[in-house]
Amino acid sequence: MQSDDTFKRYSRQIFIEEIGLEGQRKILASKVLVVGAGGLGSSVIQYLAAAGVGTLAVADFDHVELHNLNRQVIHDENRVGSKKVESAGHFVRNLNHQIKFVAIDQKINEKNVREIVSQYDLVVDGSDNFSTRYLVNDTCVQLGKTLVYGSILGFTGQVAVFNCQGSKNLRDIFPESPLDEDIPDCDSLGVLGALPGIIGSMMALQALKIITDLTVNINQITLVDTMNWRFQTLDF
């Protein structure tokens, strides 16, 4: 650790037997890419920044809008109209000045995805469309990068870890991407703000377990039904 202040800041993580000083060093040295600074991304960004992820990159090309604020809690009223990556950077710097924040103000596409993903140890996908999810998944497979996946709609969510030490990936459970226009989304059906908080926190926890070399369940997807308060894990 670099100083007594650093130890004090992360002490409640260090005191966990499975984390300890060595685990915290791994977190501080890690480089994580978060795709999307929306509902899922907001919770992921919060908790990875709080945990001390050394380099935290966020890719998003959108602007903060007023209707985002019920769930995208790293943004606030003063940031409406600003770039989401700029707003995310403002949040991270205020929370944890030790972190190197990388703002990627770009839409992930076939031309840039490989260059972007290749620079990071781990990818956490909080995007809101299937075309991006499959593109990120396929690139992680090609580059051998572990991917933490999540999705939400209404009262339900999903979480999975893909391509972890050669494990299965998104196409092993859903072989082909549906057309985005055929799938309902939060814009049309809505979402309660606490749901992306739950799913995003689960994604952040999985990411931190991967970073610290703790065991995560692979070849499984967790389905969360918050209306009926049911959690189900399916093997694939």
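Where does Phe15 lie? The residue sits in the loop between helix 2 (11–14) and helix 3 (20–29); helices here are DSSP runs of H or I with at least four residues, strands are runs of E with at least two, and both are numbered from the N terminus. The model is a predicted one, so local features need pLDDT of at least 70 and side-chain atom pairs count only at pLDDT 80 or more, while totals for chains, interfaces and linings use all residues. Residues are numbered from 1 along each chain as its sequence is written, and side-chain values use heavy atoms, with hydrogens and water left out.

Back to Phe15. At 54% relative accessibility this residue counts as exposed, on a scale where buried means under 20% relative accessible area, exposed means over 50%, and partly exposed falls in between (1.4 Å probe, protein chains only). Phe15 joins Phe7 and Leu21 in a nonpolar surface patch, and together the three have about 280 Å² of accessible area. Such areas come from the Shrake-Rupley method with a 1.4 Å probe, and for residues only the protein chains shown count as cover. Patch members must have over 30% relative accessible area and no salt bridge; nonpolar side chains (Val, Leu, Ile, Met, Phe, Trp, Tyr) are joined within 5 Å, and like charges within 9 Å.

Next come the charged pairs. The structure holds 4 salt bridges, each being a side-chain nitrogen of Lys or Arg within 4 Å of a carboxyl oxygen of Asp or Glu. One of them pairs Glu22 with Arg25, whose closest N and O atoms are 3.8 Å apart. Both residues belong to helix 3, and because they are 3 residues apart, about one helical turn separates them. Glu22 is partly exposed at a relative accessible area of 47%, and Arg25 is partly exposed too, at 39%.

Helix 3 also supplies Lys26, which forms a salt bridge with Asp213; here the closest N and O atoms are 2.7 Å apart. Asp213 is in the loop between helix 10 and strand 7, so this pair ties together parts that are 187 residues apart in sequence. Lys26 is partly exposed, with a relative accessible area of 29%, whereas Asp213 is exposed at 57%.

A further salt bridge links Lys83 and Asp105, with the closest N and O atoms 3.4 Å apart. Lys83 lies in the loop between strand 2 (55–59) and helix 5 (84–95), and Asp105 in the loop between strand 3 (100–104) and helix 6 (113–117), so the pair ties together parts that are 22 residues apart in sequence. Asp105 counts as partly exposed at 36% relative accessibility.

Asp213 comes up again for its backbone. Most residues other than glycine have a negative phi. Phi of Asp213, however, is near 65°, a positive value. The loop that holds Asp213 leads to strand 7 (220–225). Gln165 likewise has a positive phi, near 55°. Gln165 is placed in the loop between strand 6 (156–162) and helix 8 (170–173), and is exposed, with a relative accessible area of 81%.

Now for the helix packing. Two packed helices are described by the angle between their axes and the distance between the axes. Axes are lines fitted to C-alpha atoms, for helices over the stretch in contact, and angles run from 0 to 180 degrees between N-to-C directions. Helix 4 (residues 39–51) and helix 10 (residues 194–211) have axes that come within 7 Å and cross at roughly 40°. That makes helix 4 oblique to helix 10, given that angles under 35 degrees count as roughly parallel, over 145 as roughly antiparallel, 65 to 115 as roughly perpendicular and the rest as oblique. The crossing is right-handed, meaning that the near helix is turned clockwise from the far one by less than a right angle; an anticlockwise turn would be left-handed.

Helix 4 packs against helix 5 as well, at an angle of about 30° and with the axes 10 Å apart. Helix 4 and helix 5 are therefore roughly parallel to each other, and their crossing is right-handed.

Two C-alpha separations complete the picture. Thr132, in helix 7 (residues 130–143), counts as buried at 8% relative accessibility. The C-alpha atoms of Thr132 and Thr55 are separated by 22 Å, with their positions 77 residues apart along the chain. Val73 is in the loop between strand 2 and helix 5 and counts as partly exposed at 46%. Its C-alpha atom is separated by 27 Å from that of Gln119, 46 residues apart along the chain.
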